[in-house]
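Biologist: I would be grateful for a close look at a single part of this structure, namely one strand and its surroundings. Please set out its pairing and its cover in detail, and then place it within the whole chain.

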Amino acid sequence: MCLSSAQMMCELKNMALSGDPELDGQIRKWIRWDKCPSTACQIMDAVRASDWDTLRKRLCKRISFGTAGLRACMRAGFDSMNELVVIQAAQGLCKYIKDQYPNPEDWAERGIVFGYDGRYNSHRFAELSAMVFLGNDFKVWLFKRYVATPMIPYSIIRLQCLAGVMVTASHNPKEDNGYKVYWTNGAQIIPPHDEGIQESIMENLEPEPSAWDDSAMCGNSQLSDPYDIVVPPYFDAMKKRLACSQLEQNARCPITFTYTAMHGVGYEFVRQAFAKANFKPIISVCEQQEPDPEFPTTPMPNPEEGKTSLDLALKTAKSSGSEIILANDPDADRLAVAEVREDGTYKLFNGNEIGALLGWWCLEFYKLRNPDCDVSNCVMISSTVSSKILRSMAESEGFEFFETLTGFKWMGNKAIEQEQAGKTVLFAFEEAIGFMVGTSVLDKDGISAAVQVATMACYLRCKQCMTLQEKLRDIYETYGFHTSICSYVICRCPPVIEQIFERLRTWDEGKADTYPTSILNGEYEIENVRDLTTGYDSSTGDKKATLPTSSSSQMITFTFKNGAVVTLRTSGTEPKMKFYAEICGKPEEKNWAKLSNTLKIMVDAIVDEFYEPEKNDLQRKKE
């Protein structure tokens, strides 16, 4: 039986604790602060069992803002996602916003927007956050139903909010949840806001007395559901990106599309989007259509994993005769695409290939709408670990291309910067199947991307008699063959990760800033090394990297003399050490198989020589 908070505090006073002053202090704080019975009891049970190692891990290390705000396993502890940690995050965010916008009229009129996906506790975490802001005299826009992540950045701009939060763990396993924060400009937070919010959280850890008082949600004039104000205009803006001829074409085109929401929130949004864009109804993977926090048919609900996560979609497409498969991740901000081959099997495009297709399509569509345009004022963006295909297009076509650090928080803010400079931002992408078409949403958007891919497929079929696969080959014929390999190994031991990367940057007998000079005993020589963890770059005159650096994450890029580029980095949201490799051929180089084979040989060697999976007990990705 679980005791009340007061009873647990009384019990603690009469117990012998660990003897570690820091840990014992954290235990007392947790029991005093946490009003959620299930997580408070988890900590008390561990205390009664004298499980000090578990308690030390849970209570003496704190979750901090990273690549996607907060993301962790749902359980008791300051290192995890739970009601207390969410309240602390909301209090810190609220105080930070008040410091940045000291006029109370801004709080009461512009306020903040909250959304949530279908995961366990997402709705509750959003409500607790809303209660914190209502208690601080904010206008709060809280969706009363599941929404796709892109609705939050869109809402911020539409409603002129001060900030927004989406409660989601995206494509992570069912045990996880997260807290994704967007700033006033509609983009994800970047420095200095992330550091400022983290500092503010640490200064406001003790929950306010009213933190768990649900009565704040009852009859409060400052609380509104933004769905009817935001969602219809989102679809209107999406439709405006399509010409009348394309809407007519979509209606006539015989292509059928199979769609899966991966047990997430995407189905209803994609259904409406396809109706708005004049398509025939999508063929839904019924078993994965409705939000289900258990993800019963796909324990790894990440369409980026390929066939292992898209098995049901492939079966549905085959049985229905669909040419194209579209798949969103559970919060509908990513998009996977597959197309039937001549032999009846399906080609699953990787993120770089979809990026190449959408990059071509955005430029093609812009030219169709603006026949006499000067594309030098146009901009496309990709992250540094993504394919350089947009750069190759830019060099040939004359538009501007920018490369940013990994993550849409950087690309969204770069898009804002370029728009403010008078540029037209057409497209941004990263290889992790994230795509931003236009700037209505300053983040990756799997719903609008699905509509654009489908419209492109219909245009190619009706105007050029081509499939997506044929168009991709045509792009390579024009701009050069770009082949990439992106994968990962799993490592759940942070000290091992640290050791692996430290070895790479002290390669020459432990000397700092010395890196490998080749692989396979000198067969492939390394020309330049860029380390965005330390800021070292061998290709610059002062040996300093031009992109922003971060000592809190590992990221090293090796450029080889044969033109191959390989980046090794840690994930900000999963226990993965990733690797991204690409080799770019010139348009006149037609032996594509040779380029692909060379890259595979190099990647296999890099993983074996630099990551040393067997020695370091790393788990390779299951293909």
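Modeller: Glu339 stands opposite Lys347, a residue of strand S11. The two strands concerned, S10 and S11, run antiparallel and are joined by three bridges; S11 comprises residues 346-348. Together S10 and S11 make a hairpin in which five residues lie between the strands. Within that turn, Gly344 has a positive phi of about 95°. All of this is read from a predicted model.

On its other pairing, S10 meets strand S9, which covers residues 324-328. This pairing is also antiparallel and extends over five bridges. Ala327 and Ala336 are bridge partners here, the latter in S10. S9 and S10 likewise form a hairpin, with six residues between the strands, and Ala332 takes a positive phi near 65° in it.

As to its cover, S10 spans residues 335-340, and five of its six residues are buried, so the strand is largely enclosed by the rest of the structure.

Ala327, which lies in S9, shows the surroundings on that flank in detail. Its relative accessible area is 0%, under the 20% limit, and Ala327 therefore counts as buried. Neighbours within four places in sequence aside, the contacts of Ala327 are Thr260, Pro303, Leu310, Arg334, Leu335 and Ala336. Ala336 thus appears both among these contacts and as the bridge partner of Ala327. A residue from farther along the chain may be added: Gly446 is 119 residues away in sequence from Ala327, and their C-alpha atoms are separated by 8.5 Å.

The strands described so far belong to an open sheet of five strands, in the order S8-S7-S9-S10-S11, with mixed pairing. Its edges are S8 (283-284) and S11; each has a single partner strand, so one side of each is left without a neighbour in the sheet. As a general matter, the strands of a sheet pair through backbone hydrogen bonds, in either a parallel or an antiparallel sense.

A second open sheet may be set beside this one. Six strands form it, in the order S1-S5-S4-S2-S3-S6, and its pairing is mixed. At its edges are S1 (70-73) and S6 (223-224), each of which pairs on one side only. Inside this order, S4 (residues 163-167) and S5 run antiparallel and are joined by four bridges. Gly164 has Tyr182, in S5, as its bridge partner.

Strand S5 also leads to a helix. S5 (176-182) is among the elements that cover the buried residues of helix H9, as are helix H5 (83-100) and helix H16 (408-420). H9 itself runs over residues 193-202 and is mostly covered, with seven of its ten residues buried. These buried residues are His193, Asp194, Gly196, Ile197, Gln198, Ser200 and Ile201.

A further buried position is Thr404, found in strand S13 (residues 400-404). Its relative accessible area is 4%, and Thr404 is therefore buried by the 20% limit. Beyond its neighbours within four places in sequence, Thr404 is in contact with Ile381, Ser382, Ser383 and Thr384, as well as with Trp410, Met411, Lys414 and Leu547.

The whole chain gives the setting for these parts. It has 20 helices and 23 strands. For its 623 residues, a compact globule would have a radius of gyration near 25 Å, and the chain agrees with this because its own value is 25 Å. The C-alpha trace spans about 80 × 65 × 50 Å along its principal axes. Of the 623 residues, 60% are buried. Among contacts with a separation of 6 or more, 69% come from residues 24 or more positions apart. The chain exposes about 25,300 Å², of which carbon and sulfur atoms supply 48%. It carries 68 positive and 85 negative charges, and the mean positions of the two sets are 2 Å apart.

Notes
Residues are numbered from 1 along each chain as its sequence is written. This is a predicted model: local features need pLDDT of at least 70, side-chain atom pairs count only at pLDDT 80 or more; totals for chains, interfaces and linings use all residues. Side-chain values use heavy atoms; hydrogens and water are left out. The radius of gyration is taken over C-alpha atoms; the globule rule is 2.2 Å times the number of residues to the power 0.38. Buried means under 20% relative accessible area, exposed over 50%, partly exposed in between (1.4 Å probe, protein chains only). Contact means heavy atoms within 4.5 Å. Accessible areas come from the Shrake-Rupley method with a 1.4 Å probe; for residues, only the protein chains shown count as cover. Lys and Arg count as positive and Asp and Glu as negative; His and the chain ends are not counted. The place of a charge is taken as NZ of Lys, CZ of Arg, CG of Asp or CD of Glu. Two strands pair if DSSP finds at least two bridges between them.
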